[in-house]
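Open the model in your viewer and keep the selection tool at hand. This tour goes stop by stop, saying what to pick and what is there.

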Amino acid sequence: MANASQQIGWEFWGSELKSRREGAGLTQEELSQQLFVSRALISRFESAERQPRLDTAIQIDEVLQTDGFFERLCRKLLEASPYTSYFAPVAELERLATKICEFEPMIVPGLLQTAAYTQEFVVAGNPFATDKDIEGVTRARLDRAAILKDATRPVYWTVLHEAVLRVPVGGPAVMAEELEHIAQLVRERKILLQVLPFAAGAYPLMGKSLRLMEFKDAPPTAYTEGAYSGNLLDDPAVVKRAQEAYDLFRAAALSPEASLTLIESAVEDYRRCASTT
């Protein structure tokens, strides 16, 4: 979630967009057509309900001839975020979502990670990370996870490939704690979870993660992530295809009951391994 100063910054960005758009004699609809986005998205930028991607800010500068103003301010606000520039808008949308559906092929989703799992994951990607860097990433991830405990939490449905359970990030003790954490969230009915088993074979978007988000007063979005990059998609046709892919994940996955049993079995396996090392 954006802190207070960041939120003020995005509100300023949005008010400037409205002011300069009107100064150029453009309606929201006219600006949206030139940017190839929806009018509703322009409205949400101006009200600071949505954060723009950097490429969108660059396009706005080109259309409104604002000499890089929106790009520079966008960069500054994104750099102040605890998240990478491509994920910061996603983290903000996450807070507003009424429903989140995720598929992960290899790692535990950020919203479900324990501190120990996150720390191991960070060090694996950057073995020279400082304690301060590790602590910062871990805190930001745990702060995001707070939405699952909130009274107004979104409906959260995730499908994990069985590989997520089997790759021992941090070793047996870390994995036992992580999977027990997930199992407890399932038992408390805070999340709905299914496991896509190895036996299911090929699946859509092989090896790629997928996140779908729905909102009360905004169109749904899809988000995919690769190495050092992410794509936040809101084109209705593309989002529909992503939703169809997710339906296939769920159809091929184990039932929620069988998935919980598999996770609990994996917890016991890791605990046995931890006790013998």
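What follows is a walk through helix crossings, salt bridges and two backbone oddities in a predicted model.

**Stop 1: H2 and H4**

Select helix H2, residues 28-35, and helix H4, residues 54-64. At what angle do their axes cross? The angle is roughly 115°, and the axes come within 10 Å. H2 is therefore roughly perpendicular to H4, since that class covers 65 to 115 degrees. The crossing of this pair is right-handed.

Now show side chains at the contact. From H2, pick Leu31, Gln34 and Leu35. From H4, pick Gln59, Ile60, Val63 and Leu64. Colour them by class: five are nonpolar, two are polar and none is charged.

**Stop 2: Gln34**

Stay on H2 and centre on Gln34. Is this residue buried, partly exposed or exposed? Gln34 is partly exposed, because its relative accessible area is 43%, between the limits of 20% and 50%. Set aside the neighbours within four places in sequence, and Gln34 is in contact with Leu26 and Val63. Next, draw a distance from the C-alpha atom of Gln34 to that of Ile60. It reads 9.0 Å, for two residues 26 apart along the chain.

**Stop 3: Phe36**

Step off H2 into the loop that leads to helix H3 (39-46), and select Phe36. Check its backbone. Phi is near 60°, a positive value in a residue other than glycine. Turn on the surface as well: Phe36 counts as exposed, because its relative accessibility is 75%, and the cut-off for exposed is over 50%.

**Stop 4: Leu205**

Phe36 has a counterpart to visit in another loop. Go to the loop between strand E3 (192-196) and strand E4, and pick Leu205. Leu205 is not a glycine, yet its phi is positive, about 55°. At 37% relative accessibility, Leu205 is partly exposed.

**Stop 5: Glu94 and Arg211**

Move along to strand E4, residues 210-214, and select Arg211. Add Glu94, which sits in helix H6, residues 88-96. Their side chains meet in a salt bridge, with 2.4 Å from N to O. The two residues are 117 apart in the chain, so this pair links distant parts of it. Are the partners buried or exposed? Glu94 and Arg211 are both buried.

Keep both selected and add Glu102 and Arg144. Salt bridges with shared partners join these four residues into one network.

**Stop 6: Two more salt bridges**

How many salt bridges does the structure hold? The count is 18. Two others are worth a click.

Select Arg21 and Glu22. They form a salt bridge whose closest N and O atoms are 3.9 Å apart, where the limit is 4 Å. Look at the surface around each partner. Arg21 is buried, with a relative accessible area of 6%. Glu22 counts as partly exposed, at 47% relative accessibility.

Then go to helix H12, residues 256-275, and select Glu268 and Arg271. The side chains meet at 3.1 Å, N to O, in a salt bridge. Because the residues are three apart in the helix, about one helical turn separates them. Both sides of this bridge can be checked on the surface. Arg271 is partly exposed at 40% relative accessible area, and Glu268 is partly exposed at 37%.

**Stop 7: H7 and H8**

Finish with another helix pair. Two packed helices are described by the angle between their axes and the distance between the axes. Select helix H7, residues 115-125, and helix H8, residues 131-145. Their axes come within 9 Å and cross at roughly 135°. H7 is therefore oblique to H8. H7 passes H8 in a right-handed crossing.

Which residues of H7 and H8 meet? On the H7 side, show Ala115, Thr118, Gln119, Phe121, Val122 and Val123. On the H8 side, show Ile134, Val137, Thr138, Arg141 and Leu142. By class, the contact has seven nonpolar, three polar and one charged residues.

Methods. Residues numbered from 1 in each chain as written. Predicted model: local features only at pLDDT ≥ 70, side-chain atom pairs only at ≥ 80, totals over all residues. Heavy atoms only, no water. Axes fitted to C-alpha atoms, helices over the stretch in contact; angles between N-to-C directions. Helix = DSSP H or I, 4+ residues; strand = E, 2+ residues; numbered from the N terminus. Parallel < 35°, antiparallel > 145°, perpendicular 65-115°, else oblique. Left-handed = near helix turned anticlockwise from the far one by under 90°. Contact = heavy atoms within 4.5 Å. Nonpolar A, V, L, I, M, F, W, Y, C, P; charged D, E, K, R; others polar. Buried < 20%, exposed > 50% of the residue type's maximum accessible area, 1.4 Å probe, protein only.
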